[in-house]
Protein chains: 2
Amino acid sequence: MRTLNPRGKTLVDLWLASELLSARIDHTLGAVHGIGYVEFMVLYQLAHSPGLRMRRVDLATAIGRTASGVTRLLRPMEKTGLVARDSSDRDARVSLVTLTPAGRQRLEDALSTMNELGQRLTQSVGDSQLDSTAAALAILRD
Amino acid sequence: MRTLNPRGKTLVDLWLASELLSARIDHTLGAVHGIGYVEFMVLYQLAHSPGLRMRRVDLATAIGRTASGVTRLLRPMEKTGLVARDSSDRDARVSLVTLTPAGRQRLEDALSTMNELGQRLTQSVGDSQLDSTAAALAILRD
DNA sequence: GACTTATACTTGACATATCAAGTATAAGTG
DNA sequence: CACTTATACTTGATATGTCAAGTATAAGTC
């Protein structure tokens, strides 16, 4: 049977590693902070954007979701006050997502859990190998 | 604001890289072969298992899904004849999933697409860095 | 061998995502 | 300026996944 070449296999390994780890992270974040991995990423991206706010389209591409998905994802987050809605004075089509103080606080809490998870889940990988992996992943994001 | 430590950040980078790449791979596989990334992984795992068959639970853990998810995932694949159902003579609870010739052929076709995608999507990462990354991902799978 | 506990799978209820289409506004073009 | 095209967002229909509970069979225990 035909087999995968090294780069094709890397794609598969990436998918497998991500799926398995994400499930565990998702459960932990859910149990400890009441948010899923995707919601964590929303808070994280907002915290790293200028003014703690983003357009919904930009958020969508940043987290690999569609605009429609973002609309539905943010609705409950608005209700629980983790994010809020703002309008742009330059473009009336735009609806900005902003990080509320409550969202900021929730992110703070979740960050420490993520740090612990990072230590635990990657403990069998050495520092130098991890550095090289992180660098490669950053490149692959584009 | 508190920040992620290097290992926490690696988790985030892994998630981002995987989400963004998976979306593209999923679309390509769907357009060219009529299967999604998860379905490809089912065929791939079956092809690499002894006898081209697996228990549903084992398949579930292998691809990071629940048993329930596997039940629902396989139903359409059985209908289209990519996989078939078999029973175990050792354990009457077990329902084995087997790779059909049609499934095997579909996998063959998809493998070449995956190889091309692998080349294209990882072209900006050098060989040695990719090797190290693949090794790290393999470790992280557990 | 009867009784408890564990495992394999399926199903109902629900969560979360996509796509295609619709609305509103902006930007480009003659 | 009128007209076409592009962009930002939302919504209806639908796909795909989870969890909790149920059924069937196996394995462990006394």
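1. Let us start at the DNA. In this predicted model, 23 residues lie around DNA strand C, and the ones that come nearest are His27(B), Arg55(B), Val57(B), Arg72(B) and Arg93(B).

2. Two of these residues of chain B approach the phosphates. His27(B) places a polar side-chain atom 2.3 Å from a phosphate oxygen of DNA strand C. Val57(B) uses its backbone instead: a polar backbone atom there is 2.7 Å from a phosphate oxygen of the strand.

3. Chain A takes part as well. Here the partner is a base: a polar side-chain atom of Arg93(A) lies 3.4 Å from a base oxygen of DNA strand C. Taking the atoms of DNA strand C within 4 Å of the protein, 66% belong to sugar or phosphate, and bases account for the rest.

4. Which helices supply at least two residues each to the surface near DNA strand C? They are α4 (67-79) of chain A, and α3 (56-63) and α4 (67-79) of chain B. The biggest share comes from α4(B), with five residues. By residue type, this surface has 10 charged, seven polar and six nonpolar residues.

5. Now for the two protein chains. In the contact between them, 65 residues of chain A meet 65 residues of chain B. Together the chains bury about 6300 Å², 64% of it on carbon and sulfur atoms. Within chain A, the residues that lose the most area to chain B are Met1(A), Arg7(A) and Trp15(A), together 14% of what that side buries.

6. Polar links also cross this interface. There are eight salt bridges between chain A and chain B. Arg65(B), for instance, forms a salt bridge with Glu19(A), with the closest N and O atoms 2.9 Å apart. The count of residue pairs in polar contact between the two chains is 21.

7. On the side of chain A that touches chain B, the elements giving two or more residues are α1 (6-33), α2 (37-47), α3 (56-63), α5 (101-121) and α6 (127-140). Of these, α1(A) gives the most, with 18 residues. That side of chain A divides into 32 nonpolar, 21 polar and 12 charged residues.

8. Finally, how are the copies related? A turn of 180° with a shift of 0.0 Å along the axis lays chain A on chain B with an RMSD of 0.0 Å. The two copies are therefore related as by a two-fold rotation axis. In chain A, the C-alpha of Thr133(A) is the one nearest the axis, 2.3 Å from it. The copies meet through the same surface, because 100% of the interface residues of chain A are also interface residues in chain B.

Note on methods:
Residues numbered from 1 in each chain as written. Chains lettered and ligands numbered in written order. Predicted model: local features only at pLDDT ≥ 70, side-chain atom pairs only at ≥ 80, totals over all residues. Heavy atoms only, no water. Contact = heavy atoms within 4.5 Å. Buried area = accessible area lost by both parts, 1.4 Å probe. Salt bridge = Lys/Arg side-chain N within 4 Å of Asp/Glu carboxyl O. Polar contact = N/O pair within 3.5 Å; in protein donor to acceptor, adjacent residues only side chain to side chain. Helix = DSSP H or I, 4+ residues; strand = E, 2+ residues; numbered from the N terminus. Nonpolar A, V, L, I, M, F, W, Y, C, P; charged D, E, K, R; others polar. Least-squares fit on C-alpha atoms with pLDDT ≥ 70 in both. Near = heavy atom within 4 Å.
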